[in-house]
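Me: Please take a close look at one part of this model, the enclosed space inside it, and then follow the elements around the neighbouring parts.

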Amino acid sequence: MQSWEGGSVLRINNIKVNIDSFANEYLYSSACSALNISQDKIKSLKLVKKSIDARKKNDVHYVCSVDVALDCDEDSVLKLLEQKHKAANIAANIKKLVPSSFELAKPRRLPDVRPVVCGFGPAGMFCALMLARAGFRPIVLERGGDVDSRTEAVERFFKTGIFSENTNVQFGEGGAGTFSDGKLTCGINDERMSYILSQLVHFGADEDIMYMAKPHIGTDVLRRVVKNLRKEIESFGGEVRFNTKLCDIKTDADTLKAVVCQTSDGEYELLCDTLIMAIGHSARDTFSLLYEKGLELLQKPFSIGVRIEHLQSMINQSQYGEKYKNGEIGAADYKLSCKTGDGRGVYTFCMCPGGSVVAAASESGGVVTNGMSLRARDGKNANAALLCDVRTSDFRSEHPLAGIEFQRIWEQKAYILGQKSYKAPANLVGDFLQKCVSSSFGSVLPTYMPGVIFASLDECLPDFVCNAFREAIPMLDSRMRGFASADAVMTGVETRSSSPVRIVRNEKYESVKKGIFPCGEGAGYAGGIMSAALDGIKVACEIIGRFE
């Protein structure tokens with residue numbers, strides 16, 4: 001919720017606005033009409049949500065919510081409305097809110113030993129930011145490079161196939177989200193979500209993320225945001241050590257005592273009694289280290305599949321009809337799901353309008369795909385992950401890290417199909433449905449770099465996944481016409497939709513080893529930029545609270 005200076009506000013929902021005539025003046029007049037007041041009674045108005053309703057192609061429009069501060073008594077206005085209309089009808093669209101804002105606790109004392117944050121993705125960044133603002137001067141260990149050197153390494157990999165195991169699409173400043181669409185959608189209802197969005201704006205994101213129903217930052221802008229966030233951590237005495245890998249943890253009687261760090265110059269020991277493990281879902285060697293050190297790890301279900309690409313113009317036409325020609329409406333997105341006959345869930349995830357498919361490997365000898373788009377979302381293609389759920393029973397092992405081995409098997413098969421060059425195996429939808437290997441592209445040209453090679457996706461995906469896709473794709477096409485287009489491109493494999501591991505922690509966010517705090521998506525407690533950032537804040541507040 002956006003904060004206001006004093007007093008309560010009224011939130012007005014479900015304001016319908018024509019696509020072709022969106023303007024603040026219309027929001028004011030709609031608010032006046034809804035409240036049955038004159039405009040001079042409105043002290044201020046803020047747009048808090050803006051979404052597109054495209055269920056009827058002949059009536060595509062915006063649906064908005066606004067928060068209104070009045071220059072009169074809100075209760076009197078509501079009472080008059082209730083007398084005129086049924087109270088239930090009023091409650092559905094107009095609600096009185098008492099604004100609140102998240103405030104960081106003020107510690108009475110500071111720790112004797114600086115806390116260490118392992119990982120500088122969304123969870124690690126916001127945890128370190130909160131700790132730094134509280135005066136804790138955190139030390140962040142990030143195995144990858146800063147965002148500038150990381151961008152160079154990633155672009156070199158895309159162009160040449162020269163791969164770095166420590167600085168890549170998964171590892172480095174900003175985490176995996178830096179080379180994605182920067183989507184900020186999240187289903188968690190927590191007032192700190194608005195705080196996170198406001199901080200992203202503070203660090204350089206566009207202000208529209210505060211009110212868009214499906215906000216996104218864009219990879220190009222996100223790089224600037226993460227750099228500015230890091231500079232603020234440093235301004236409060238925090239420190240981010242890039243190209244520094246956590247390689248050992250030292251404990252005494254199940255209590256953390258120190259960590260061992262590895263750099264190009266060798267190893268060194270760092271005294272530590274508070275370690276936040278915000279490692280992300282791809283730090284496989286770190287998961288192994290934690291298992292060896294006696295932390296409790298559990299198997300966790302996840303999903304596997306491919307990236308599917310269509311022409312963005314086709315998606316626009318399918319979703320918006322003729323309204324897509326309006327230049328203000330932007331590139332259309334979609335979200336589809338269905339159940340197969342044997343109960344497998346098939347769904348699209350991380351849809352990137354006007355984006356590209358990217359090489360997202362974090363280990364040599366494996367091919368991983370992901371999606372990315374810039375702020376403008378103006379690329380020719382749309383892409384999304386097409387995923388099938390993977391159950392822990394599919395791992396065929398009770399070992400806590402069996403899910404990682406399951407991922408690795410299919411990534412390595414894709415690498416072999418791509419002639420061990422980090423090119424990715426690809427197939428057209430029409431050919432895949434007929435169990436044929438494609439020989440030429442149609443209107444959709446793949447965007448994956450370093451390039452694709454036609455191959456049978458049955459050779460780099462489990463049988464149950466391919467069977468589920470062949471059953472699901474026609475069903476998904478019935479929900480969005482064109483999804484099963486014969487020339488749509490499927491590129492494999494997508495294996496990193498979420499972590500296959502959960503690091504067990506108690507209600508105080510602490511593991512079985514005192515002083516170690518599992519955090520974020522890699523630890524199994526988040527699923528995207530927003531929820532990971534929120535988990536980082538929660539862990540930071542718990543640690544700060546111990547010094548109040």
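Reply: In this predicted model, the largest cavity has a lining of 13 residues, and those nearest its centre are M125, L200, L222, V226 and I529. The space inside the largest cavity comes to about 90 Å³. The count of cavities of 30 Å³ or more is one. Two helices, α4 (122-133) and α7 (219-235), each contribute at least two residues to the lining of the largest cavity. The largest contribution is that of α7, which gives four residues. By character, the lining of the largest cavity consists of ten nonpolar and three polar residues, with no charged ones.

The second largest pocket can be described in the same terms. Its volume is about 940 Å³. The lining of the second largest pocket holds 33 residues, and I52, M212, Y320, I329 and A331 lie nearest the centre. Here the lining divides into 15 nonpolar, six polar and twelve charged residues. Strand β2 and helix α9 each supply at least two residues of the lining of this pocket. The most comes from β2, with four residues.

Both of these elements can be followed further, starting with the helix. Helix α9 covers residues 312-320, and its buried residues are Q312, I315, N316, S318, Q319 and Y320. Y320 is thus a buried residue of α9 and also one of the residues nearest the centre of the second largest pocket. The cover over the buried residues of α9 includes the strands β2 (42-53), β13 (302-311), β15 (345-352) and β18 (381-390). Strand β2 therefore appears twice in this account, in the cover of the buried residues of α9 and in the lining of the second largest pocket. After α9 comes G321, with a positive phi near 65°.

Next, the strand. β2 belongs to an open sheet of four strands, ordered β2-β3-β1-β4, with antiparallel pairing. Because β2 and β4 (94-97) are at the edges and each has a single partner strand, one side of each has no neighbour in the sheet. On average, neighbouring strands of this sheet are turned by 25° against each other, direction ignored. The partner of β2 is β3 (residues 61-70), and ten bridges join these two antiparallel strands. Within this pairing, K50 is opposite C64 in β3. Helix α2 (residues 74-84) lies across β1 (9-18), β3 and β4, and runs at about 160° to β4.

A further sheet, built from later strands, can be set beside this one. It is an open sheet of three strands in the order β8-β9-β10, and the pairing is antiparallel. The edges are taken by β8 (245-252) and β10 (266-271), each with a single partner strand, so each has one side without a neighbour in the sheet. From one strand to the next, the twist averages 25°. Seven bridges pair β8 with β9 (residues 255-263) in the antiparallel sense, and K250 stands opposite A258 in β9.

Conventions:
Residues numbered from 1 in each chain as written. Predicted model: local features only at pLDDT ≥ 70, side-chain atom pairs only at ≥ 80, totals over all residues. Heavy atoms only, no water. Pairing = 2+ DSSP bridges. Axes fitted to C-alpha atoms, helices over the stretch in contact; angles between N-to-C directions. 1 Å grid on protein atoms, 1.4 Å probe; cavity = no way out; pocket = protein on both sides within 12 Å on 5 of 7 lines; lining within 4 Å. Points joined across faces, edges and corners; volume = space filled by probe spheres on them. Nonpolar A, V, L, I, M, F, W, Y, C, P; charged D, E, K, R; others polar. Buried < 20%, exposed > 50% of the residue type's maximum accessible area, 1.4 Å probe, protein only. Contact = heavy atoms within 4.5 Å.
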